[in-house]
Amino acid sequence: MGQLVKQIIDDLAKPFLEDLKELPLWIKWTVIVITCAATIPLALIFRARTSFSDKPRIHFIQNMDNQPKYVSQEANALFLDGRAMRPRVEGTIPRNGMVNDTHLYMGVVDDAWATEYPSALTVDHAFLVRGQGRFNIYCSPCHGVGGFGDGLVHHRANQLVETGVNGTTWVAPKNLHEDVIKEQQVGELFNTITNGVRTMSAYASQITTQDRWAIVAYIKALQLSQDADPASVANADAIPRKSANEGSSE
Ligand code: HEC
């Protein structure tokens, strides 16, 4: 059997190899170079499939995609100070940038936190409803719809901390029913929303001044809802009440 295979190889392959040996050198080299070059497209395809880029792979039609421009912090020889970003022209103020009413815009009256709402605002039912809507949109993800600091983001972050994903760390959102927060004046709450506090970010850029005050009013209503004096409600005795240990706030 082995003999037969050897015989076949000798008969078929030998003459072929003999012929190959006689090929001119330049043909051999051409074949080698073409074979090597043939792997380049494969390598490029492999690279394209395994790498990431935010640019189109092939960009034949340029349209106006590439234009001369200056990006932030770039140098520009046109100006004496060499900066492309120009400082604000002296003496100008941006629209909405003028703080002439510290009570309304900063929650500050005579260098202390305002204890009253700014006179420009009417705190009525519609105002509270507006505050409730804004609170549920902007604050409840962390502080919870009831303000107890138990929002969905809080739960999710705790999960991530437990599983150690990406080295997550998390500072719990404050329970807005804590005494320290309940004792805060409206001006201080307004300032917390406007400028943020410690790890909590600022909301001035997302929520208008008026709406920030509406949220403050709603927080006060939420706090009141947890330990209101029954005497403040007419006919309180006729309203069914939970006993003290029924339904805890946690
Ligand atoms: C992304 C989560 C998150 C959102 C959204 C958020 N907060 Fe907070 N908030 C926090 C955290 C965290 C703290 C505690 C910060 C700390 O102690 O470092 C906090 C603290 C507070 C405090 C306590 C401030 C103090 O003096 O201790 C108030 C009041 C508050 N938030 C109100 C709000 C209001 C109102 C909104 C909506 C406009 C809001 N927060 C939205 C995370 C959030």
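In the predicted model, the loop between α2 (25-50) and α3 (102-106) contains Asn 63, a residue other than glycine whose phi takes a positive value, near 45°. Most residues other than glycine have a negative phi. Asn 63 is exposed, because 6 other C-beta atoms lie within 10 Å, and a residue counts as exposed if it has 12 or fewer such neighbours. The loop between α2 and α3 also holds Ile 61, which counts as exposed because it has 7 C-beta neighbours inside 10 Å. Between Ile 61 and Val 165, which stand 104 residues apart along the chain, the C-alpha atoms are separated by 42 Å.

A positive phi is likewise found at Asp 111, where the angle is near 60° in a residue other than glycine. Asp 111 belongs to the loop between β1 (108-109) and β2 (112-113), and because there are 6 C-beta neighbours inside 10 Å, Asp 111 counts as exposed.

The secondary structure of the protein chain consists of nine helices and two strands, and when these elements are read along the sequence they follow the pattern α-α-α-β-β-α-α-α-α-α-α. The protein chain has a radius of gyration of 37 Å, whereas the globule rule gives 18 Å for 250 residues; the value is well over that of the rule, and the chain is therefore more spread out than a compact globule. Taken along the principal axes, the box filled by the C-alpha atoms of the protein chain has dimensions of roughly 115 × 70 × 30 Å. The chain is divided into domain 1, comprising residues 2-50, and domain 2, comprising residues 102-232, and the centres of domain 1 and domain 2, taken over C-alpha atoms, are separated by 76 Å. Of the 250 residues in the protein chain, 12% are buried. Among the contacts in the protein chain with a separation of 6 or more, 53% are accounted for by residues 24 or more positions apart.

The largest nonpolar core is made up of 17 residues, and within this core Ile 215 and Val 216 are the residues with the most contacts. At least two residues of this core are supplied by each of α8 and α9, and the helix that gives the most to the core is α9, with seven residues. When residues up to four places away in sequence are not counted, Val 216 touches Val 186, Leu 189 and Phe 190.

The surroundings of the ligand comprise 21 residues, of which Cys 139, Cys 142, Arg 198, Thr 199 and Met 200 come nearest. Three helices, α5 (140-143), α8 (186-195) and α9 (209-226), each supply at least two residues of the shell around the ligand. Both α8 and α9 thus appear in the shell around the ligand as well as in the largest nonpolar core. By type, the residues of the shell divide into 16 that are nonpolar, three that are polar and two that are charged.

Terms used
Residues are numbered from 1 along each chain as its sequence is written. This is a predicted model: local features need pLDDT of at least 70, side-chain atom pairs count only at pLDDT 80 or more; totals for chains, interfaces and linings use all residues. A residue is near a molecule or strand if its C-beta atom, placed from the backbone, lies within 6 Å of it. Helices (H or I, at least four residues) and strands (E, at least two) are DSSP runs, numbered from the N terminus. Ala, Val, Leu, Ile, Met, Phe, Trp, Tyr, Cys and Pro count as nonpolar, Asp, Glu, Lys and Arg as charged, and the others, Gly among them, as polar. Domain bounds come from an automatic or database domain assignment. A nonpolar core is a set of buried Ala, Val, Leu, Ile, Met, Phe, Trp, Tyr and Cys residues joined through C-beta atoms within 7 Å. A residue is buried if 20 or more other C-beta atoms lie within 10 Å of its own, exposed if 12 or fewer, and partly exposed in between; C-beta atoms are placed from the backbone. Two residues are in contact if their C-beta atoms, placed from the backbone, lie within 7 Å. The radius of gyration is taken over C-alpha atoms; the globule rule is 2.2 Å times the number of residues to the power 0.38.
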